[in-house]
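Reader: Could you take me through the aromatic rings in this structure, slowly and closely? I am in my first year and would like to see how such pairs are described.

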Amino acid sequence: MCVFRLAENRNEKGKDQRMAIVETLQELMTQDDRIVVLEGDLGAASGFAKIGKSHPERFIQCGIAEANMTGVAAGLSLLGFKPWIHSFAPFVSRRNFDQLYVSGAYAQNTINIYGSDPGFAVAHNGGTHTAWEDVALMRTIPGSIVVDPCDAVQFAWVVRELMKLKGIHYVRSNRKAVRKVYSEDSAFTLGKGNLLKKGSDVLIVCAGELISEALDAAEVLEEKGYSVALIDMFTIKPLDKELLLAEVKGKKLMISFENHSVIGGLGSAIEEVIAANSMNIRFHKIGVEERFGQVGSAAFLQKEYHLTAQDMIDKVMSELG
């Protein structure tokens, strides 16, 4: 059941995103001895080393060998286990894609994937560690679920929910703390977007930690006289087509906003709905266009790739005048 409220102080950061998944998995592992965690030599960075201490018999350090880690997870799934694997987003999506596709999905195994620090969240780890394409890749796997939670509350909820399901599940998230969006008692529904604001002029569809930027932009735009609706489309696959079609009616403009390439991500998923339903709407994608990653602070990279609230504000005002 989807019952959510916005956090009282959205400028306050929650717990580290990595601790949201670590603490949730530790709790679930005390209840279900089939859950096993695999790490790609980043236990200190991900916090998964804490699971290695609390549940050493169900923690496997696979080293810098992500494709092999995925194969091990597939084998564990065959034996009835429920594996979670982790590495930086490009290494558990791009680097081991064939293993996920064949040993995972094609073989009808269950593999839960935490791809950390997607997009600008990679910060000083630089271009080789940057994933602007992970959602595009993971969307193409038949039957996959792709989720981009916006804060620690939603991340922890997603982890619990995915443990009930079989298949390939990809969750992308910053490792560090991000601004709060939801109250602690919020609950959601996989495959259903959350309508955070109602409005009549502009529809913004967003996912991940950019939700905070989108909320900031919506507040400024409303002060300037624009009526803004905002959807948190945290489940990118399967996309909530019903909500999208309902909310786009009567709007002058729709904008997707994502920490990802404009090719193959949330914006592309929305374009597919637009085309399939012959929707008459002006649509613009705010994302990364034909660029690789680079070294810099997360704040610098977010500005460099035009993924800020101000970029959203400027785009709406330029489109609507």
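Author: Here is a walk through two ring pairs, one after the other. Keep in mind that this is a predicted model. A pair of aromatic rings is described by the distance of the centres and the angle of the planes. The count here comes to 10 aromatic pairs.

Let's begin with F48 and Y114. Their ring centres are 6.3 Å apart and the planes meet at 40 degrees, so this pair is tilted; that label covers angles that are neither under 30 degrees nor over 60. Where do the two residues sit? F48 belongs to the loop between α2 (43-46) and α3 (49-54), while Y114 is in strand β4 (residues 111-116), so the pair ties together parts that are 66 residues apart in sequence. F48 has 0% relative accessibility and therefore counts as buried. Y114 also comes out at 0%, so Y114 is buried too.

Now turn to W157 and F188. Here the centres lie 5.6 Å apart and the planes stand at 85 degrees, which means the pair is edge-to-face. This pair, too, links distant parts of the chain: W157 is in helix α7 (residues 152-162) and F188 in the loop between β6 (168-173) and β7, 31 residues apart. Both W157 and F188 are buried.

If you zoom out a little, W157 and F188 turn out to have company. Together with F4, Y182 and F234, they form one aromatic cluster. Try finding those five residues in the view, starting from W157 in helix α7.

Note on methods: Residues are numbered from 1 along each chain as its sequence is written. This is a predicted model: local features need pLDDT of at least 70, side-chain atom pairs count only at pLDDT 80 or more; totals for chains, interfaces and linings use all residues. Side-chain values use heavy atoms; hydrogens and water are left out. Rings of Phe, Tyr and Trp (its six-membered ring) pair if their centres lie within 6.5 Å; planes under 30 degrees apart count as stacked, over 60 as edge-to-face and the rest as tilted. Helices (H or I, at least four residues) and strands (E, at least two) are DSSP runs, numbered from the N terminus. Buried means under 20% relative accessible area, exposed over 50%, partly exposed in between (1.4 Å probe, protein chains only).
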